[in-house]
Amino acid sequence: MSAERVAMLGYGRFGRALGQLLVEAGVPHRAHDPAADVPPEYRADSLGELTEGAAFVVLAVPVPRMRQVLLELRSRLGGGQVVFDVGSVKVRPALALTEILGSEIPWCATHPLFGPMSLALAERPLRVVLCPAPAHPEAAARVRALYERIGCEVIEQSAENHDRVMAHTHALTFFIAKGMIDAGAGTQEPFAPPSFQAIARTIETVRSDGGHLFSAIARDNPFAAEARKELVQALGSIDRALDAQAEEEGGPEATGFTIPDLGERSPELRETREHIDTIDHSIVRLLAQRAQLQERAARAKAALGAPVLDGAREADLLAARCAWANELKLDVEGTRSVFRAILTMSRRSQRT
């Protein structure tokens, strides 16, 4: 068995996009899809040919077909292979994977948070949600390594937590966009305000993902219906309040239509932001103190006839700060960028 080869069942728009990422990363793959035009160099003409010698088997098929596909694949799978799906919902696929593959065939559930359009626009980072199977922790580790090899950031979540978040984000986004499309909202108006332009981009993204994805995330996510009803109820309340305000001529200005800041909705978030503001104020104060010390250093250099730029000193300084960051488990490259900006600011002040 190849230590790398990936077998993809399904070669639709996302399957082709994933295949391209594999090619760019040097990971060999084959694909089988009777309904799609798979390039000859990647095509497998049967399920047996597809799975033979593959280390990973990717289910790139619509969620409603997942169970039937797994039943067709089951007899062709071995214990050394890892099976994972790429669906937009996770609870239902995880249940099917558990029932059909169980403890014998390693598996995990995944949801790539990107698609053909984001890849075409070179959007980065590419993120993937990975839902490990409790019985197969080694499978999750192998799938994580594969995704990281093709340039993805991996976020681990339970299938239930994934679907709850997606119900209030992914599913509601598609729901709102579909409603605006059906209501005739124009996306090509030359004088539309910037606030609408952002929504228009969302609508076009939803259009490009196709109706089957809208149906899947709306129907197959067990938490989507509740999220939709909460949104419809909220919109209905706002609509009724606006009608009531319109009927009250000369009445006081309504205050219920302001959009609350996140901090108003979460005392914990507000408190955290206040702490961050305090720390940032301290950082700015320390930068001012550092600038004063730099002025002293500039005067000392001038007295010695030394140049403003001291490359060796700056290299040592950056190395020391990065070492401190590493000890504190802080982002080393981010720390390097911060201190490069500080050094640039210092050089400017010394030259003025």
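## Close-up views of a predicted model

**View 1. Helix H4 gives the second largest pocket 4 residues, the largest share of its lining.** This is a predicted model, in which local features need pLDDT of at least 70, side-chain atom pairs count only at pLDDT 80 or more, and totals for chains, interfaces and linings use all residues. Residues are numbered from 1 along each chain as its sequence is written, and side-chain values use heavy atoms, with hydrogens and water left out. A pocket here is an open set of points on a 1 Å grid over the protein atoms alone, with protein on both sides within 12 Å along at least five of seven lines, and lining residues have an atom within 4 Å of a point. Helices (H or I, at least four residues) and strands (E, at least two) are DSSP runs, numbered from the N terminus. The second largest pocket holds about 230 Å³ of space; volume means the space filled by probe spheres set on the points, which are joined across faces, edges and corners. Of its 16 lining residues, Ala94, Thr98, Trp107, Pro132 and Pro134 are the closest to the centre. At least two lining residues each come from H4 (91–101), E5 (107–112), E6 (126–132) and H7 (159–167).

**View 2. Meet the open sheet of 7 strands.** Follow the order E2-E1-E3-E4-E5-E6-E7, where the pairing is mixed; two strands pair if DSSP finds at least two bridges between them. At the edges, E2 (29–32) and E7 (152–156) each pair on one side only. From one strand to the next, the twist averages 25 degrees.

**View 3. Strands E1 and E3 run parallel, and H4 packs on the sheet.** E1 (residues 6–9) and E3 (residues 56–59) pair over 4 bridges, and Leu9 stands opposite Leu59 in E3. H4 touches E3, E4 (82–85) and E5, where contact means heavy atoms within 4.5 Å. The direction of H4 makes about 160 degrees with that of E5; axes are lines fitted to C-alpha atoms, for helices over the stretch in contact, and angles run from 0 to 180 degrees between N-to-C directions.

**View 4. Look inside for the largest cavity, with about 40 Å³ of space.** A cavity is a set of grid points where a 1.4 Å probe fits but cannot get out, and the structure holds 1 cavity of 30 Å³ or more. Val6, Leu18, Leu22, Val58, Phe84, Leu146, Tyr147 and Ile150 line the largest cavity. Helices H1 (13–24) and H6 (137–149) are the elements that give two or more residues to this lining.
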